[in-house]
Amino acid sequence: MCETTPRAERALPQSPQAPAIARSFLRHETCLVHTGAVVEDAVLLVSELVTNSALHGGPPIVVAAECDGHALQVRVRDGNATPPRPRQAAASDESGRGLELVDLLSSDWGVDPFEEGKHVWFVLRAGGGPYAG
Ligand SMILES: [Zn+2]
């Protein structure tokens, strides 16, 4: 567990401003002691997930970030239970392309059912880099 930075979450509006709010949230709330090296990757990926949720998911849209001392886990929750399907996405499908990026850059990711909707989450490990100790 991380003893420096507590888990943080923030509710987002279902609007075109949601990705920018999520990016700002991560830059301010992410644990820089342990996961500073992966913050910009997290910002890029959360932007994709929140864009999907704002376009295709329903409220409530909530972003959460948690450090475990080695890795950063980011979750984006929305009110649409339909899981995203990156492999079947057409080239013109923005949500599918976003998930392919998540698959490419993250250490792990997945989709969990939650109440009436879902969580889409990813993990970025901060190995190497100036913060690895
Ligand atoms: Zn930490």
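Me: First, a term to settle: a residue is buried if 20 or more other C-beta atoms lie within 10 Å of its own, exposed if 12 or fewer, and partly exposed in between, with C-beta atoms placed from the backbone. How many residues of strand 3 are buried?

Reply: This is a predicted model, where local features need pLDDT of at least 70, side-chain atom pairs count only at pLDDT 80 or more, and totals for chains, interfaces and linings use all residues. Residues are numbered from 1 along each chain as its sequence is written. Helices (H or I, at least four residues) and strands (E, at least two) are DSSP runs, numbered from the N terminus. Strand 3 is largely enclosed by the rest of the structure, because its buried residues number six of the eight.

Me: Zooming out, what pattern does the protein chain follow along the sequence?

Reply: There are four helices and five strands to place in the protein chain. Reading along the sequence, you get β-α-α-α-β-β-α-β-β.

Me: Which are the edge strands of the sheet?

Reply: Two strands pair if DSSP finds at least two bridges between them. The five strands make an open sheet with antiparallel pairing, in the order 1-2-3-5-4. Pairing on one side only marks the edge strands, strand 1 and strand 4 (108-114).

Me: And how many bridges join strand 3 to strand 5?

Reply: Working across the sheet, strand 1 and strand 2 run antiparallel and are joined by five bridges. Strand 2 and strand 3 are antiparallel too, with six bridges. Strand 3 and strand 5 also run antiparallel, and Q73 has V123 in strand 5 as its bridge partner. The bridges joining strand 3 to strand 5 number eight.

Me: Which residue in strand 3 is the bridge partner of V63?

Reply: V63 sits in strand 2, where it stands opposite R10. Looking towards strand 3, the bridge partner of V63 is V76.

Me: Which residue in the hairpin turn has a positive phi?

Reply: The hairpin is formed by strand 2 and strand 3, with three residues between them. In that turn, the residue with a positive phi, about 100°, is G69.

Me: Now helix 1: on which side are its buried residues, and which exposed residues does the face turned away from that side carry?

Reply: The buried residues of helix 1 are A18, P19, A22, F25 and L26. They are on the same side of the helix, because they cover an arc of only 120° around the axis (taken from the directions from the helix axis to the C-beta atoms). The face turned away from the buried side carries S24 and H28.

Me: What covers those buried residues of helix 1?

Reply: Contact here puts the two C-beta atoms, placed from the backbone, within 7 Å. The cover for the buried residues of helix 1 includes strand 1 (8-12), helix 3 (39-56), strand 2 (61-67) and strand 3 (71-78).

Me: Which element gives the largest share of the largest nonpolar core?

Reply: A nonpolar core is a set of buried Ala, Val, Leu, Ile, Met, Phe, Trp, Tyr and Cys residues joined through C-beta atoms within 7 Å. The largest one has 27 residues, and those touching the most other members are A22, A42, V46, V50, L72 and V74. At least two residues each come from helix 1, helix 3, strand 2, strand 3, helix 4 (94-105) and strand 5. The largest share, six residues, comes from helix 3.

Me: What does V74 contact, leaving aside neighbours within four places in sequence?

Reply: V74 is one of the core residues that touch the most other members. Its contacts beyond four places are L26, A42, V46, A65, W121 and F122.

Me: Is I61 buried or exposed?

Reply: I61 lies in strand 2. Residues it touches beyond four places in sequence include L12, A18, V50 and D78. D78 is 17 residues away in sequence, yet the two C-alpha atoms are 4.4 Å apart. Because I61 has 26 C-beta neighbours inside 10 Å, it counts as buried.

Me: Last one: how far apart in space are S107 and V123, C-alpha to C-alpha?

Reply: S107 is in the loop between helix 4 and strand 4, and it is partly exposed, with 14 other C-beta atoms within 10 Å. Leaving out residues up to four places away, S107 touches A71, V123, L124 and R125. S107 and V123 are 16 residues apart in sequence, and their C-alpha separation is 5.5 Å.
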